[in-house]
Amino acid sequence: MPSLDFEREETRFHAFHAQNLPRLQEACASFVALLTSLLTPSGQVDVSKIEGRVKDKEESIRKFTRKYRPMLEEANQPYEIAPYITDLIGVRVVCLYEDELDKVARLVRSHFDVMDVTDKVAAVEGTEASFGYKGLHLDLRLNAARRALPEHAACADHAFELQVRTIIQDSWSVLDHKIKYKKSIPGQLKRRINVLSALFELADREFRQIRDATAAELLEAPDETAEILPEAGAPMADKLAPPGSELNAFTFLKIANHFFKDFEFEPYKVDSFVDDIQSWSPGMTRARFNALLRETIAVVKRYKLHFEEQNPQGSFNPYTVIRHCLYLSNSTAFRPALRNVARESFEAWLKEHGSP
C-alpha cells in the first residue's frame, strides 16, 4: 500500500528494481532492436547510433526526490515510487542533423503510442535565461497492433522514454553534466556557459546548412558534358568550353557520372581523388578534365579489356580508368596517378598497340 514513509517506499522500490531488472533489460534490448530495424534501413534519417539503458535505482530515487516527493508530501498524498519513474527504460537515438528529430518522431508514431512529449528544443529557445542540451523526449509504448505480435512479448507490457538528439546535442549533454554549478553562480560565469551553449547550437545549424548546400551544389553543378559537345568539323580548340572554375568534387561527380552511369562514387573517395588531381595538375578546370577524358577514354577502355583478360581477378574500376586517362593525356604531369607496375604495363601495351 502507498504511504508517506519515504524510507519504506525507498526500500520497496529497491526490491522492485532488483526483482524486475532482468525483464527490464530484456525489454530494453527489444526496443533498441525494433527501433534499429525501423530507422536504419529507411533512408529517411541519418542515424549515428541507437542505444538503450535501464535507469539505475539510485538515479531513479534522486529523480523522484527532486521532481515529485516535495509535492506529494506537501499534499499529504501517499505514494509509491515506481509509477513516477516513467523512464526506467530509456532509448536514445542520435541523428546527424537537427531537422531529423521530427522525422524520427513521425516514424515512431506509426508504431508506438505516444503518452507524453517533452520538446527540450522549444523549452531552451523559449527563454534567454535558460541553457542546457536540446533534444526531443517521448514517452512511448507499443501500439495495440505491435503488442499483439509474439515477437514483441518481451516489451509489450513496458513503456520507455525515447530521447532523440543530434550528435552535437548529445555531446553538449555530456559536457553539460560536467558543469557542477549553473544556477546560483556569478553572472560572468553564466554568460560564458551561455556562449558555449550557443556555439554548440551554431555548429548544429552549420552542419545542416552545409548538408543542404552540398546537395544544392550537386544539383547546380554545370553539365560540362553538354557544354563541350563539339560542332561538326570544329577544331579541337573550339571544342573546349571557356576555362571556367577549377575542378571540384561537385563538378567531378557531374562529369564522372556521365561516363560511368552505373558506378556509385563514394563522397570521401571523390574528395580525396579530386584533391590528388589538383596536386598533380594545379588549376585543373572542369572543362579541361572533361575534355581529356573524352580524348583518352576510348583508348583506356580498350586497355581495360586487355587488362581484364590477362588479370581475371584484377580490379579496373572507374577510378582506375580515370587515372589511366590522366596519365595518357600527360604522362609527365600525371605520372603519380599510376604506380610503377601499372605504368609499365600500360606503356608496354601502348607501345604494342600504338599510341593514340
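## Exposure and an unusual loop residue

A residue is called buried when its relative accessible area is under 20%, exposed when that area is over 50%, and partly exposed in between. In this predicted model, N76 has a relative accessible area of 55% and is therefore exposed. N76 belongs to the loop that connects α3 (69-74) with β2, and its phi is near 55 degrees, which is a positive value in a residue other than glycine. As background to that angle, most residues other than glycine have a negative phi.

A second loop residue, E266, sits between α11 (249-259) and α12 (267-280). With a relative accessibility of 35%, E266 counts as partly exposed, because this value falls between the two cut-offs. E266 and L253 are 13 residues apart along the chain, and their C-alpha atoms are separated by 9.9 Å.

## The chain as a whole

The secondary structure of the chain consists of 15 helices and five strands. The chain has 356 residues, of which 38% count as buried. When contacts in the chain between residues at least 6 apart in sequence are considered, 74% of them join residues at least 24 apart.

The structure holds zero disulfides. Among its cysteines, C155 has a relative accessibility of 0% and so counts as buried, and C325, also at 0% relative accessibility, is buried as well.

## The five-stranded sheet

The five strands form an open sheet in the order β1-β2-β5-β4-β3, and the pairing within this sheet is mixed. The edges are formed by β1 and β3 (112-119), each of which pairs on one side only. On average, and with direction ignored, neighbouring strands of this sheet are turned by 20 degrees against each other. In general terms, strands of a sheet pair through backbone hydrogen bonds, and they do so either parallel or antiparallel.

Following the order of the sheet from β1, strand β1 (residues 47-54) runs antiparallel to β2 and is joined to it by seven bridges. In this pairing, I50 has V93 of β2 as its bridge partner. On passing to the next neighbour, β2 and strand β5 (residues 159-166) run parallel and are joined by six bridges; here V93 stands opposite V164 in β5. V93 thus appears in both pairings, with I50 as a bridge partner and with V164 opposite in β5.

From β5 the sheet continues to strand β4 (residues 136-142), and these two strands pair in the antiparallel sense over six bridges. Within this pair, L140 stands opposite F160 in β5, while L138 stands opposite L162 in β5. The pairing of β4 with β3 is antiparallel too and involves seven bridges, and in it D119 has L136 of β4 as its bridge partner.

## Covered strands and the helix across the sheet

How many residues of strand β2 (residues 89-95) are buried? Six of the seven residues of β2 are buried, and the strand is mostly covered. Strand β4 is largely enclosed by the rest of the structure, because six of its seven residues are buried.

Helix α7 (residues 167-176) lies across β1, β2 and β5, and this helix runs at about 105 degrees to β5.

## Packing of the helices α1 and α2

Two packed helices are described by the angle between their axes and the distance between the axes. For helix α1 (residues 6-39) and helix α2 (residues 57-67), the packing angle is about 140 degrees and the axes lie 10 Å apart. The crossing of α1 and α2 is right-handed.

Which residues make the contact between these two helices? On the side of α1 they are F6, E10, F13, H14 and H17, and on the side of α2 they are K57, E58, S60, I61, F64 and T65. Sorted by class, this contact between α1 and α2 has four nonpolar, four polar and three charged residues.

Notes:
Residues numbered from 1 in each chain as written. Predicted model: local features only at pLDDT ≥ 70, side-chain atom pairs only at ≥ 80, totals over all residues. Heavy atoms only, no water. Disulfide = S-S within 2.5 Å. Buried < 20%, exposed > 50% of the residue type's maximum accessible area, 1.4 Å probe, protein only. Axes fitted to C-alpha atoms, helices over the stretch in contact; angles between N-to-C directions. Helix = DSSP H or I, 4+ residues; strand = E, 2+ residues; numbered from the N terminus. Left-handed = near helix turned anticlockwise from the far one by under 90°. Contact = heavy atoms within 4.5 Å. Nonpolar A, V, L, I, M, F, W, Y, C, P; charged D, E, K, R; others polar. Pairing = 2+ DSSP bridges.
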